[in-house]
Amino acid sequence: MEAVAIAIIKSEFKIGDSLLEIGCGNGRLTCLLALIYPNVQIVAMDQCENAISIAKQRASSLGIKNIEFIADAAIHAIFKQRNKAEGL
């Protein structure tokens with residue numbers, strides 16, 4: 001996760017850009033990105049509703065407004081099916 005975070009932090013986002021995070025878990029990285037890039041709209045998805053609930057609480061406690069959290073098990077199913085088709 002650290003390598004991913006460093007790569008994203010070194011990225012250059014412009015005002016109005018959007019970022020999609022699939023598999024955001026409890027939102028720790030998502031909130032960090034939202035704080036670093038307050039002018040970027042972030043959509044963060046995870047299949048676990050409990051993790052999304054924790055992520056929403058974390059963002060709220062930090063006063064973060066530029067994240068939309070979505071709990072969606074369909075995302076997991078799509079990747080699982082894709083991996084099965086590719087023999088992964």
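In this predicted model, Cys48 is found in the loop that joins β2 to α3. Cys48 is partly exposed, its relative accessible area being 33%. Along the chain, 22 residues separate Cys48 from Asn26, yet the C-alpha atoms of the two are 9.2 Å apart in space. This loop residue makes a handy starting point for a walk through the fold.

Taken as a whole, the protein contains four helices and three strands. Read from the N terminus, the elements follow the order α-β-α-β-α-β-α. Of the 88 residues in the protein, 30% are buried. About 6,000 Å² of the protein is exposed, with 56% of that area supplied by carbon and sulfur atoms. Among contacts with a separation of 6 or more, 63% involve residues 24 or more positions apart.

The three strands come together in an open sheet, ordered β1-β2-β3, and their pairing is parallel. The edges are taken by β1 (residues 18–22) and β3, each with a single partner strand, so one side of each has no neighbour in the sheet. On average, and with direction ignored, neighbouring strands of this sheet are turned by 15° against each other. Helix α3 packs on the sheet, where α3 touches β2 and β3, and the direction of α3 makes about 165° with that of β3.

The pairing of β1 with β2 can be followed residue by residue. These two strands run parallel and are joined by five bridges. Within this pair, Leu20 stands opposite Val43 in β2, and Ile22 stands opposite Met45, also in β2. In a regular strand the side chains alternate between the two faces of the sheet. In β1, the covered face carries Leu19 and Glu21, while Ser18, Leu20 and Ile22 belong to the uncovered one. Both Leu20 and Ile22, on the uncovered face of β1, thus reappear here from the list of opposite partners in β2.

Helix α3 deserves a closer look. Helix α3 comprises 13 residues, 49–61, and at 1.5 Å a residue should span 18 Å; the C-alpha atoms at its ends are 18 Å apart, so expectation and model agree. Which residues of α3 are buried? They are Ala51, Ile52, Ala55 and Ala59. These residues cover an arc of only 95° around the axis, which means that they lie on the same side of α3. An α-helix has 3.6 residues a turn, so residues three or four places apart point the same way. The other side of α3 holds exposed residues, namely Glu49, Asn50, Gln57, Ser60 and Ser61. The cover over the buried residues of α3 includes α2 (28–36), β2 (41–46) and β3 (67–71).

Two residues of α2 help to place that helix. Cys31 lies in α2 and, because its relative accessibility is 2%, below the 20% cut-off, counts as buried. Once neighbours within four places in sequence are left aside, Cys31 is in contact with Ala55, Arg58, Ala59, Leu62, Ile64 and Ile67. Two of these partners, Ala55 and Ala59, are among the buried residues of α3. Cys31 and Ser60 are 29 residues apart along the chain, and 9.7 Å separates their C-alpha atoms. Leu33 is likewise a residue of α2, and its relative accessibility of 2% makes Leu33 buried. From C-alpha to C-alpha, Leu33 is 9.5 Å from Leu19, with their positions 14 residues apart in sequence. Leu19 itself sits on the covered face of β1.

Beyond the end of α3, the chain reaches Gly63, whose phi is positive, near 75°. Gly63 is placed in the loop between α3 and β3. Is this glycine, Gly63, buried or partly exposed? With a relative accessible area of 46%, Gly63 is partly exposed. Gly63 also has a C-alpha to C-alpha distance of 9.4 Å to Leu35, although the two are 28 residues apart in sequence.

Notes: Residues are numbered from 1 along each chain as its sequence is written. This is a predicted model: local features need pLDDT of at least 70, side-chain atom pairs count only at pLDDT 80 or more; totals for chains, interfaces and linings use all residues. Side-chain values use heavy atoms; hydrogens and water are left out. Buried means under 20% relative accessible area, exposed over 50%, partly exposed in between (1.4 Å probe, protein chains only). Contact means heavy atoms within 4.5 Å. Accessible areas come from the Shrake-Rupley method with a 1.4 Å probe; for residues, only the protein chains shown count as cover. The expected span of a helix is 1.5 Å times one less than its number of residues. The arc is that of the directions from the helix axis to the C-beta atoms. Two strands pair if DSSP finds at least two bridges between them. Axes are lines fitted to C-alpha atoms, for helices over the stretch in contact, and angles run from 0 to 180 degrees between N-to-C directions.
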